Protein chains: 2
Amino acid sequence: MTITDVARHAQVSTTAVSKVVRNAYGVSEAMRVKVQAAIDELGYRPHHAARAMRGRTFTIGVLLPHIRNPFFADILDGLTEEISASGYQAIMVQSGGRDPAAERRAGDALVDRQVDGILWVAPCCAKAQLEQLAKDTPTVVLGRHDRSAVYDCVLDDDEVGAELVVEHLIALGHRRIGHITQKDDLPGRAAALLQTIRARTYERVMTERGLAAHIAVAATSYSEEGGYEGARQLLARDPRPTAIFAGADGAAFGALAAVHEAGLTVPGDVSVAGYDNARMSGLAHIALTSVDQDGAIMGKTAGRLLLERIDGRTSAVRFSVTPTLVTRRSTAPPPRS
Amino acid sequence: MTITDVARHAQVSTTAVSKVVRNAYGVSEAMRVKVQAAIDELGYRPHHAARAMRGRTFTIGVLLPHIRNPFFADILDGLTEEISASGYQAIMVQSGGRDPAAERRAGDALVDRQVDGILWVAPCCAKAQLEQLAKDTPTVVLGRHDRSAVYDCVLDDDEVGAELVVEHLIALGHRRIGHITQKDDLPGRAAALLQTIRARTYERVMTERGLAAHIAVAATSYSEEGGYEGARQLLARDPRPTAIFAGADGAAFGALAAVHEAGLTVPGDVSVAGYDNARMSGLAHIALTSVDQDGAIMGKTAGRLLLERIDGRTSAVRFSVTPTLVTRRSTAPPPRS
DNA sequence: TTGAAAGCGCTAACAG
DNA sequence: CTGTTAGCGCTTTCAA
């Protein structure tokens, strides 16, 4: 079933069919109807690869560190909702998380497949690499705090979010508040990463509130394992913290497990707060205090920005979501002792 | 940067370059070295679309209902590990879960993009559609219990798994054991779906053990919401069950929340067991009894089978994993009362 | 408004 | 073992 078959069946040229398929300018209504009828009758679908050789692929590539993080599911739902109406299809590739070489390969895989636009979630590569990519392919970067003239940024205001958590814990009466962050070995680009913002804000607020002496950071990772290990490090301190602010919900789950395993209760002995407000955090038997940053809106916006760029926009846009604190039962005043 | 540039630079024909790139038969070592040098020097990367017009895309398409289910992450890890060495790239597409029309669109999107093979996870479409697809594209279906001569199947023995759970609960002394299943509106193909097997096995074992009168099934869905709602239905019965077997861990999490919200304790008042042994289930503060089915092995096997099929195998293979029960603190003997 | 024809980068059949 | 050549299905000038 090729464009030639359709042309023959409709008794017109392939050019005419091509124009109808692409909704291009310069086709009479009669022609449109006739060709469309042939298309429907023959069940013709354009050959994707042939199309890609000259024009668009109607594909948006999404680069995710990994699909385990439930927050990404929200982002993807938003994106899908936004782009599906326009005939675009999202394809996802895992970048593998924290290995820059693997991340680069994943990015190249999308470029090679000539996606019309790329949504890159939480990239860990150098900014130069992103700009290089964005020169040729419309790009939206999600979850990074740098600014660029060639790609759009969608992010949550992690400074506000982290501040909300730390202030909340201080208001409850906590002083020894520990933090679990993600440690990446990426010289020079740390300042742009969201984990850096969250950690620095934690330190800033602690300092501003006269609690600099109580700053305690476990640098592991934003995963369940990282949270578990990080919480164990923090709980081993003497005196131990009365509250733990984990930089991500996954890490907070790991922290809850570690607290539990240490024979302590939440929030009786230790309060725990997370970030992202993953769906699971709201379940009654977990009831994790967390920062909500509406991933669906972020994904939807990223999709819109991408379509705009594909459509020709070249100016850079920056979209920042203001997060809110959702307090649940995992945080409470510290024990009296 | 085209194959012609490389050919000119190396002073050879494009055919020679093509053969070197594809590792094809009939190239002298000297030629290989010379061409490879030119490729490296020029940083040549084959044009994907042009390649797709004639031969392979070196792409494997993965069709997932949605990326929220953490079990799928295990599958993908296994798949990636298996195929990465062979130069294949996995791209994922969300089928949207339970809408057959959306699922078909997602499948078509992969076919249109000429992936060399498809791993279809938990499809809900008719078997005929799968066979239609498999006629043209090497296909592996994961998590369905039908047999086919044209595609391979990778699955876990859900009958064994469900039996393990129910027997475990009975051995603990439970008699009123409820089950949460997923209800799809797919006439005729229910028997092939894993949720059907799990539910039927539950009913079979209950009956065999003389507990037919205590069978109680909540037909919602394998999600947190579904588990929550299903558990509420079960707990509303009088007398209420002393144990709940949720057909998936996500649903079990929802069930835990519902039990908690009802002012009951786990496992004091109600035992809860899940299926899949998601990573989170093992965390100390959740400690969910669950059935382990090693998704990484399943994904790895699926990858291998796909590569074999791409390589020419036409006979159908069926790979079944035997699951094991992991008992944790969420299940215990029923209250005395 | 329509159609003929060139050519995108690659692979495969065939000739040397 | 190596090179020449004919397309793959589509879009895009450019004429008519």
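Visitor: At 28% relative accessibility, does Phe58(A) count as buried or partly exposed?

Guide: Burial is read from relative accessible area: under 20% is buried, over 50% exposed, and in between partly exposed (1.4 Å probe, protein chains only). Phe58(A), at 28%, therefore counts as partly exposed. Tyr88(A), at 9%, counts as buried. The model is predicted, so local features need pLDDT of at least 70 and side-chain atom pairs pLDDT 80 or more, while totals for chains, interfaces and linings use all residues. Residues are numbered from 1 along each chain as written, chains are lettered from A and ligands numbered from 1 in written order, and side-chain values use heavy atoms, without hydrogens and water.

Visitor: How many aromatic pairs does a search of the whole structure find?

Guide: A pair of aromatic rings is described by the distance of the centres and the angle of the planes. Rings of Phe, Tyr and Trp (its six-membered ring) pair with centres within 6.5 Å; planes under 30 degrees apart are stacked, over 60 edge-to-face, the rest tilted. Over all chains, the search gives 2 pairs. One joins Phe58(A) and Tyr88(A): centres 5.4 Å apart, planes at 55°, so it is tilted.

Visitor: Which parts of chain A does this pair link?

Guide: Helices (H or I, at least four residues) and strands (E, at least two) are DSSP runs, numbered from the N terminus. Phe58(A) sits in the loop between helix H4 (48–54) and strand S1 (59–64). Tyr88(A) sits in the loop between helix H5 (70–84) and strand S2 (89–94), 30 residues apart from Phe58(A).

Visitor: What are the centre distance and plane angle for Phe58(B) and Tyr88(B)?

Guide: The centres are 5.4 Å apart and the planes lie at 55°, so this pair is tilted. It ties together parts 30 residues apart in sequence, because Phe58(B) lies in the H4–S1 loop of chain B and Tyr88(B) in the H5–S2 loop. Phe58(B) is partly exposed at 25%. Tyr88(B) is buried at 9%.

Visitor: Where does Arg198(A) lie relative to Tyr275(A)?

Guide: A charge sits over a ring if NZ of Lys or CZ of Arg is within 6 Å of the ring centre and within 35 degrees of the ring normal. Arg198(A) lies over the face of Tyr275(A), 3.6 Å from the ring centre. In chain B, Arg198(B) lies over the face of Tyr275(B), at 3.6 Å.

Visitor: Which residues have the most contacts inside the largest nonpolar core?

Guide: A nonpolar core is a set of buried Ala, Val, Leu, Ile, Met, Phe, Trp, Tyr and Cys residues joined through side-chain atoms within 4.5 Å. The largest has 52 residues, and Leu119(A) and Leu119(B) have the most contacts inside it. Apart from it lies another core, of 48 residues, including Leu235(A) and Ala252(B).

Visitor: Which residues closest to DNA strand D surround it?

Guide: Near means a heavy atom within 4 Å. Of 22 surrounding residues, the closest are Ile3(A), Ser18(A), Tyr44(A), Thr15(B) and Arg54(B). Sugar and phosphate make up 65% of the strand D atoms within 4 Å of the protein. Helices H2 (14–22) and H4 of chain A, and H2 (14–22) and H4 of chain B, each supply at least two residues of this surface.

Visitor: How far is Ile3(A) from a phosphate oxygen of DNA strand D?

Guide: A backbone N or O atom of Ile3(A) lies 2.3 Å from that oxygen. Arg51(A) places a polar side-chain atom 3.2 Å from a phosphate oxygen of strand D. A polar backbone atom of Ser28(B) lies 3.0 Å from a phosphate oxygen of strand D.

Conventions:
A polar contact is a pair of N or O atoms within 3.5 Å; within protein, one must be able to donate a hydrogen and the other to accept it, and residues adjacent in sequence count only if both atoms are side-chain atoms.
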